[in-house]
Amino acid sequence: MALTLRSSTSFIILKDSKSLKAPDGISSTISFAQMMPSCSLRVKNSTQGAQLSSGNIFTLEGSKSNKWEKVNEISIPQTSNGPKVPVFVMLPLDTITLGGKLNRPRALNASLMALKSAGVVGVMVDVWWGLVEKDGPLIYNWEGYADLVQTVKKHGLKLQAVMSFHQCGGNVGDSCSIPLPPWVLEEISKNPDLVYTDRSGRRNPEYISLGSDSLPVLRGRTPIQVYADYMRSFSNRFKDYLGDVIVVSFLASYLLILPRERERLEFMKD
């Protein structure tokens with residue numbers, strides 16, 4: 001199991017690095033960097049829109065309660081050389097098993113202990129749609145992620161939860177495979193136009209096409225409604241941890257997964 005450092009900021013000047021070792025052959029190399037402050041994203045519901053603001057805070061707001069304000073605020077310590085950069089270390093893709101359980105909890109505990117001693121703010125994990133809602137529409141299994149939240153909290157770290165609505169794996173070198181929920185794949189088999197298609201007619205089931213977002217093609221719901229219900233269920237399940245332990249993230253890079261596979265799908269070829 002490897003821990004990988006992911007940063008969305010491109011203005012990085014490496015200052016120092018440390019190699020950490022933990023039991024069971026787990027290792028992690030963390031580079032401490034000085035970065036230019038990045039923009040933060042203020043995410044609102046669909047009736048309020050989205051807004052970019054300066055600073056280093058992710059904020060999730062709801063329309064019914066002020067409790068949602070500043071739930072993702074991260075305090076940034078100051079030094080004589082300027083503010084420190086909050087570091088989140090990416091957990092393995094298979095941190096939650098296909099059965100919805102926490103994978104290798106003892107090894108995870110050892111890794112989190114090492115990361116905490118290194119001074120990182122927290123860890124990042126993909127919240128896979130294909131794991132949580134795989135048993136049927138609106139049937140959610142959050143138990144593995146609930147165990148992860150408790151484990152992360154025990155070590156005094158934060159958890160950056162990334163809502164991941166794409167397939168995990170399936171490409172060259174991938175060791176982890178988490179497809180879309182089976183009931184979604186069943187709808188795709190009935191209507192292959194729900195997924196991306198290249199000029200040669202080849203389909204890719206890694207992600208629902210953006211062209212289907214407003215169509216009620218998933219058992220009477222649109223993909224946007226499905227994603228909203230999923231995130232609403234997440235917020236209800238973990239409302240006591242939002243802002244205290246959990247920082248919610250949305251990575252726009254995932255929307256570019258299909259065009260990225262140029263060599264295999266030839267999306268960018270003339």
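User: In which hand does helix 1 cross helix 3?

Analyst: Welcome! This is a predicted model, in which local features need pLDDT of at least 70, side-chain atom pairs count only at pLDDT 80 or more, and totals for chains, interfaces and linings use all residues. Residues are numbered from 1 along each chain as its sequence is written, and side-chain values use heavy atoms, leaving out hydrogens and water. A crossing counts as left-handed if the near helix is turned anticlockwise from the far one by less than a right angle, and as right-handed if clockwise. For helix 1 and helix 3, the crossing is right-handed.

User: Which residues of helix 3 make the contact with helix 1?

Analyst: Contact means heavy atoms within 4.5 Å. Helix 1 contributes Leu 108, Asn 109 and Leu 112. From helix 3 come Leu 148, Thr 151, Val 152 and Lys 154.

User: At what angle do helix 1 and helix 3 pack?

Analyst: Helices (H or I, at least four residues) and strands (E, at least two) are DSSP runs, numbered from the N terminus. Axes are lines fitted to C-alpha atoms, for helices over the stretch in contact, and angles run from 0 to 180 degrees between N-to-C directions. Helix 1 covers residues 105-118 and helix 3 residues 143-154, with their axes 10 Å apart. Their packing angle is about 35 degrees.

User: Which helix gives the largest share of the largest nonpolar core?

Analyst: A nonpolar core is a set of buried (under 20% relative accessible area, 1.4 Å probe, protein chains only) Ala, Val, Leu, Ile, Met, Phe, Trp, Tyr and Cys residues joined through side-chain atoms within 4.5 Å. This one has 51 residues, and those touching the most other members are Val 127, Trp 129, Tyr 145, Leu 148, Phe 234, Phe 238 and Ile 246. The largest share, five residues, comes from helix 3.

User: Leaving aside neighbours within four places in sequence, which residues are in contact with Phe 238?

Analyst: Phe 238 is among the core members that touch the most others. Beyond those sequence neighbours, its contacts are Trp 142, Tyr 145, Ala 146, Val 149 and Ile 246.

User: What is the phi of Arg 219?

Analyst: Most residues other than glycine have a negative phi. Arg 219 lies in the loop between strand 13 (203-208) and helix 5 (223-237). Its phi is positive, near 55 degrees.

User: Where is Leu 138, and what is its phi?

Analyst: Leu 138 sits in the loop between helix 2 (129-132) and helix 3. Although Leu 138 is not a glycine, its phi is positive, at about 65 degrees.

Conventions: Buried < 20%, exposed > 50% of the residue type's maximum accessible area, 1.4 Å probe, protein only.
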